[in-house]
Amino acid sequence: MRNISIEEIKKSIRDVPDFPKKGILFKDLTTAFKDPDILGKITDELVSRYEDAGITKVVGIEARGFILGSILASRLGAGFVPIRKPGKLPSQTYSVSYELEYGIDSIEIHRDAIKPSDIVLLHDDLLATGGTSAAAVGLLKQFQVKKIYLSYIVELSFLMGRDKIDPDIDIFTLIKY
Ligand code: AMP
């Protein structure tokens, strides 16, 4: 494993105040991903956590979950499946709506993307309020998969996102604030 500490990964993440709106401190992971050693270390940490879990599909949440999600799929010898915003997937989908701070949003997955025999790793870059992830878990439950794992690079623990997610799902976050 590379000799890089969690502190160094933390330092590589850029804080952007008031993005996308006033009062939000945005954790910008592009500054971590652009550094090959940091990207490698984040990848190695997540791969080592799941390499013996028998993952057959990594499901990434649009759009930032696609970046590490597809690297993880490749490293774990699994397939990659996207969860996307409405109207983006070309074939038949399952769809779920969820509440945002203001209004409602939806996400979709192809109906033929997952089999009940799959062991799924759902990945997003960051866990905030948990609304998006809870909706994504709802989509995956339609497939009656054998097991679902959840992984994130960053968790904003003070937003209590975990509380929205089914307690028997295994959740891993590399960095907590
Ligand atoms: P949530 O549904 O509140 O857990 O929000 C999760 C999604 O919003 C993730 O896909 C993140 O990419 C994004 N997100 C929410 N809050 C932040 C933040 N403070 N910094 C960076 N990304 C965020």
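# Report on a predicted model: helices, ligand site and backbone features

The buried residues of helix H3 pack against six elements: helix H1 (6-12), helix H2 (30-33), helix H4 (65-76), strand E7 (119-127), strand E8 (147-155) and strand E9 (170-176). The structure described here is a predicted model.

## Helix H3 and its surroundings

Helix H3 runs over residues 36-50. Its 15 residues should span 21 Å at 1.5 Å a residue, and its end C-alpha atoms are 21 Å apart, which agrees. At the N-terminal end, Asp35 acts as a cap for H3, with a side-chain oxygen 2.9 Å from the backbone nitrogen of Asp37. The buried residues of H3 comprise Ile38, Gly40, Lys41, Ile42, Thr43, Asp44, Glu45, Leu46, Val47 and Tyr50. Charged names such as Lys41, Asp44 and Glu45 thus stand in the buried list beside Ile42 and Leu46.

Ile38, in helix H3, illustrates this packing. Because its relative accessible area is 6%, under the 20% cut-off, Ile38 counts as buried. Leaving out residues up to four places away in sequence, Ile38 touches Ile4, Glu8, Ile9, Ser12 and Ala32. Between Ile38 and Val96, by contrast, the C-alpha distance is 34 Å, with 58 residues of sequence separation.

One of the partners of Ile38 is Ile9, which belongs to helix H1. Ile9 is buried, with a relative accessibility of 0%. Apart from neighbours within four places in sequence, Ile9 is in contact with Ile4, Ile38, Lys41, Ile42, Leu174 and Ile175. Ile9 and Leu39 are 30 residues apart in sequence, and their C-alpha atoms are 8.9 Å apart in space.

## Helix H4

Helix H4 consists of 12 residues and reaches 16 Å from its first C-alpha to its last, close to the 16 Å expected at 1.5 Å a residue. Within H4, the buried residues are Gly65, Leu68, Gly69, Leu72, Ala73 and Leu76. They lie on the same side of H4, because they cover an arc of only 145 degrees around the axis. In general, an α-helix has 3.6 residues a turn, so residues three or four places apart point the same way. The buried residues of H4 pack against H3, strand E3 (57-61), strand E4 (79-83), E7 and E8. Just after H4, Gly77 takes a positive phi of about 70 degrees.

## Helix H5 and the ligand

Helix H5 (131-141) is followed by a loop that leads to E8. In H5, Gly131, Ser133, Ala135, Ala136, Val137, Leu139 and Leu140 are buried. The cover over these residues includes E3, E4, strand E5 (93-99), strand E6 (104-110), E7 and E8.

The ligand is surrounded by 14 residues, and the closest are Asp124, Asp125, Thr129, Gly130 and Thr132. A polar side-chain atom of Asp125 lies 2.8 Å from an oxygen atom of the ligand. Two polar backbone atoms also face ligand oxygen atoms: one of Ala128 at 3.0 Å, and one of Gly131 at 3.4 Å. Of the 490 Å² of accessible area that the ligand has on its own, the protein covers 83%.

## Unusual backbone geometry

Most residues other than glycine have a negative phi, and most peptide bonds are trans. The table gathers sites in this model that depart from that pattern.

| Site | Feature | Angle |
|---|---|---|
| Phe19 and Pro20 | cis peptide bond | omega about -5 degrees |
| Glu62 and Ala63 | cis peptide bond | omega about -10 degrees |
| Gln144 | positive phi, not glycine | phi near 50 degrees |
| Met160 | positive phi, not glycine | phi about 55 degrees |

These sites can be placed along the chain. Pro20 lies in the loop between strand E1 (14-17) and strand E2 (25-28), and Ala63 in the loop between E3 and H4. Gln144 is in the loop between H5 and E8, while Met160 is in the loop between E8 and E9. Gln144 counts as exposed because its relative accessibility is 65%, over the 50% cut-off. Met160, at a relative accessible area of 52%, is exposed as well.

Key:
Residues are numbered from 1 along each chain as its sequence is written. This is a predicted model: local features need pLDDT of at least 70, side-chain atom pairs count only at pLDDT 80 or more; totals for chains, interfaces and linings use all residues. Side-chain values use heavy atoms; hydrogens and water are left out. Helices (H or I, at least four residues) and strands (E, at least two) are DSSP runs, numbered from the N terminus. The expected span of a helix is 1.5 Å times one less than its number of residues. Buried means under 20% relative accessible area, exposed over 50%, partly exposed in between (1.4 Å probe, protein chains only). Contact means heavy atoms within 4.5 Å. A polar contact is a pair of N or O atoms within 3.5 Å; within protein, one must be able to donate a hydrogen and the other to accept it, and residues adjacent in sequence count only if both atoms are side-chain atoms. A residue is near a molecule or strand if one of its heavy atoms lies within 4 Å of it. Accessible areas come from the Shrake-Rupley method with a 1.4 Å probe; for residues, only the protein chains shown count as cover. The arc is that of the directions from the helix axis to the C-beta atoms.
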